[in-house]
Each structure stands twice: as structure tokens, then as C-alpha cells.
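Me: Please take a close look at a single part of this model, and set out what surrounds it. A connected account is fine, with cut-offs stated.

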Amino acid sequence: MATIKIQQTRSRIHASIDQKRTLDALGLTKMNRIVEKEDNASVRGMIRKVNHLVTVID
């Protein structure tokens, strides 16, 4: 299955608790970390929730 790379580019300090938990679920715990996840609907939904804090790398 296809995968996508996600990088946390902005700080989680002023994010809501739901957004912090979403970052944790994605495996992003620190700035500039890159994780590789399967490209499915649930991961895309999590990315959409925190799109102002992360970037998707090709």
C-alpha cells in the first residue's frame, strides 16, 4: 500500500488538547520529526485536523 511522509513543522504549544492527541497518534512528538504512515482515509483525516502544524512530504 502507498505511504506518505508527514513532518511536524510548527509547535504544539498553543494547540488544543485534541490536536495534541492527534499529533501523538500520528507519532509526531517533536518538531521537525518525520514519520511514514499508510495512505488511508483515517490518516488523511488526522492530517486534515492538524494541517496547520504539519506538512506532507512527497
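Reply: A residue is called buried under 20% relative accessible area, exposed over 50% and partly exposed in between (1.4 Å probe, protein chains only). The model is predicted, so local features need pLDDT of at least 70 and side-chain atom pairs count only at pLDDT 80 or more, while totals for chains, interfaces and linings use all residues. Residues are numbered from 1 along each chain as its sequence is written, and side-chain values use heavy atoms, with hydrogens and water left out.

The part chosen here is helix α1, which spans residues 17–26. Helices (H or I, at least four residues) and strands (E, at least two) are DSSP runs, numbered from the N terminus. Gln-19, Thr-22, Leu-23 and Leu-26 are the buried residues of α1. They lie on the same side of the helix, because they cover an arc of only 100° around its axis (taken from the directions from the axis to the C-beta atoms). Ile-17 and Arg-21, on the other side of α1, are exposed. Directly after the helix, Gly-27 has a positive phi of about 90°.

What lies over the buried side of α1? The cover includes β1, β2, α2 and β3, where contact means heavy atoms within 4.5 Å. The helix lies across β1, β2 and β3 and runs at about 80° to β2; axes are lines fitted to C-alpha atoms, for helices over the stretch in contact, and angles run from 0 to 180 degrees between N-to-C directions. Helix α2, residues 41–49, also lies across β1, β2 and β3, but its quoted angle is about 20° to β1.

These strands form an open, antiparallel sheet of 3 strands in the order β2-β1-β3, two strands counting as paired if DSSP finds at least two bridges between them. β2 (34–38) and β3 (54–57) are the edge strands, each pairing on one side only. From one strand to the next, the twist averages 35°. Strand β1 (residues 3–8) is joined to β2 by 5 bridges, and Ile-4 has Lys-37 as its bridge partner in β2.

The side chains tell a related story. The largest nonpolar core has 12 residues, including Leu-23 and Leu-26 of the helix, together with Ile-4, Ile-6, Val-43 and Ile-47. A nonpolar core is a set of buried Ala, Val, Leu, Ile, Met, Phe, Trp, Tyr and Cys residues joined through side-chain atoms within 4.5 Å. β1, α1 and α2 are the elements that give two or more residues to this core. Leaving aside residues up to four places away in sequence, Ile-47 touches Ile-4, Ile-6, Val-54 and Val-56.

Strand β1 also holds Gln-7, which is buried with a relative accessible area of 18%. With the same exclusion of residues up to four places away, Gln-7 touches Asn-32, Arg-33, Ile-34, Leu-53, Val-54, Thr-55 and Ile-57.

For the chain overall, the elements run β-α-β-α-β from the N terminus on, giving 2 helices and 3 strands. Its C-alpha atoms fill a box of roughly 35 × 20 × 15 Å, taken along the principal axes. Of the 58 residues, 29% count as buried. Among contacts with a separation of 6 or more, 69% are between residues 24 or more positions apart.
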